[in-house]
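Biologist: Before I rely on any label attached to this model, I would like to see each one set against its cut-off. Could you take me through them?

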Amino acid sequence: MSEAARFAIVTTIVVGAATVLGSIIPTLMEGRAVVRAFDNMARQPSVADRIRGLLFVVMAILESGAIYVLLICLILLFANPFREMLGL
């Protein structure tokens with residue numbers, strides 16, 4: 001097996017694992033944030049509007065982290081900067 005083929009296989013495996021972990025972890029954290037926000041809204045209905053606004057901000061931040069992981073994975077998959085460093 002050539003070095004280029006081995007590099008492509010390893011890159012594909014790493015990108016797949018990073019995509020899976022980069023999407024599962026923010027999804028779990030978003031779920032926990034929603035559950036806790038709803039729990040707090042049920043306990044204190046008077047501050048539900050502030051909690052809802054904060055929840056949207058937190059979910060946007062978590063989702064942007066997942067989008068950055070996707071961006072880095074796409075760069076590694078299609079325009080890998082390490083290919084030139086290794087001479088492949």
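What follows is a conversation in which labels are checked against their definitions.

Modeller: Two remarks on the source come before the rest. This is a predicted model, in which local features need pLDDT of at least 70 and side-chain atom pairs count only at pLDDT 80 or more, while totals for chains, interfaces and linings use all residues. Residues are numbered from 1 along each chain as its sequence is written, and side-chain values use heavy atoms, with hydrogens and water left out.

Biologist: Why is Asn 80 called buried or exposed, whichever label applies?

Modeller: Buried means under 20% relative accessible area, exposed means over 50%, and partly exposed is in between, with a 1.4 Å probe and protein chains only. Asn 80 has 4% relative accessibility, and therefore counts as buried.

Biologist: Where is Asn 80 placed, and what is Asn 80 in contact with?

Modeller: Asn 80 sits in the loop between H2 and H3, where helices are DSSP runs of H or I with at least four residues, numbered from the N terminus. Leaving aside neighbours within four places in sequence, Asn 80 is in contact with Phe 7, Thr 11 and Ile 75, contact being heavy atoms within 4.5 Å.

Biologist: What makes the approach of the Asn 80 side chain to the backbone oxygen of Leu 76 a polar contact?

Modeller: A polar contact is a pair of N or O atoms within 3.5 Å; within protein, one must be able to donate a hydrogen and the other to accept it, and residues adjacent in sequence count only if both atoms are side-chain atoms. The side chain of Asn 80 reaches the backbone oxygen of Leu 76 at 3.3 Å. A polar atom of the Thr 11 side chain likewise lies 2.7 Å from the backbone oxygen of Phe 7.

Biologist: How do you know which accessibility label Thr 11 should carry?

Modeller: Thr 11, which lies in helix H1, has 13% relative accessibility and so counts as buried. Apart from residues up to four places away in sequence, Thr 11 touches Leu 76 and Asn 80.

Biologist: Which label does Ile 13 receive, and why?

Modeller: Ile 13 is also found in helix H1, but its relative accessibility is 57%, so Ile 13 counts as exposed. The C-alpha atoms of Ile 13 and Leu 77 are separated by 10.0 Å, although these residues are 64 apart along the chain.

Biologist: What makes a set of residues a nonpolar core, and which residues form the largest one here?

Modeller: A nonpolar core is a set of buried Ala, Val, Leu, Ile, Met, Phe, Trp, Tyr and Cys residues joined through side-chain atoms within 4.5 Å. The largest has six residues, namely Ala 37, Met 41, Val 47, Ala 48, Ile 51 and Leu 55. Helix H1 (3–43) and helix H2 (48–78) are the elements that give two or more residues to this core, and H2 gives the most, with three. Within the core, Ala 37 touches Ile 51 and Leu 55, not counting residues up to four places away in sequence.

Biologist: How many salt bridges does a search of the whole structure find, and what makes the pairing of Arg 6 with Glu 3 one of them?

Modeller: The search finds three. A salt bridge is a side-chain nitrogen of Lys or Arg within 4 Å of a carboxyl oxygen of Asp or Glu, and the closest N and O atoms of Arg 6 and Glu 3 are 3.0 Å apart. Both residues lie in helix H1, three residues apart, about one turn of the helix.

Biologist: How do Asp 39 and Arg 43 stand against that definition?

Modeller: Their side chains meet at 3.3 Å, N to O, in a salt bridge. Asp 39 and Arg 43 are four residues apart in helix H1, so about one helical turn separates them. Their labels differ, because Asp 39 has a relative accessible area of 36% and is partly exposed, whereas Arg 43, at 61%, counts as exposed.

Biologist: Which label does Arg 52 carry, and which does Asp 49?

Modeller: Arg 52, at 38% relative accessibility, counts as partly exposed, and Asp 49, at 59%, counts as exposed. The side chains of Arg 52 and Asp 49 meet in a salt bridge at 3.1 Å, N to O.
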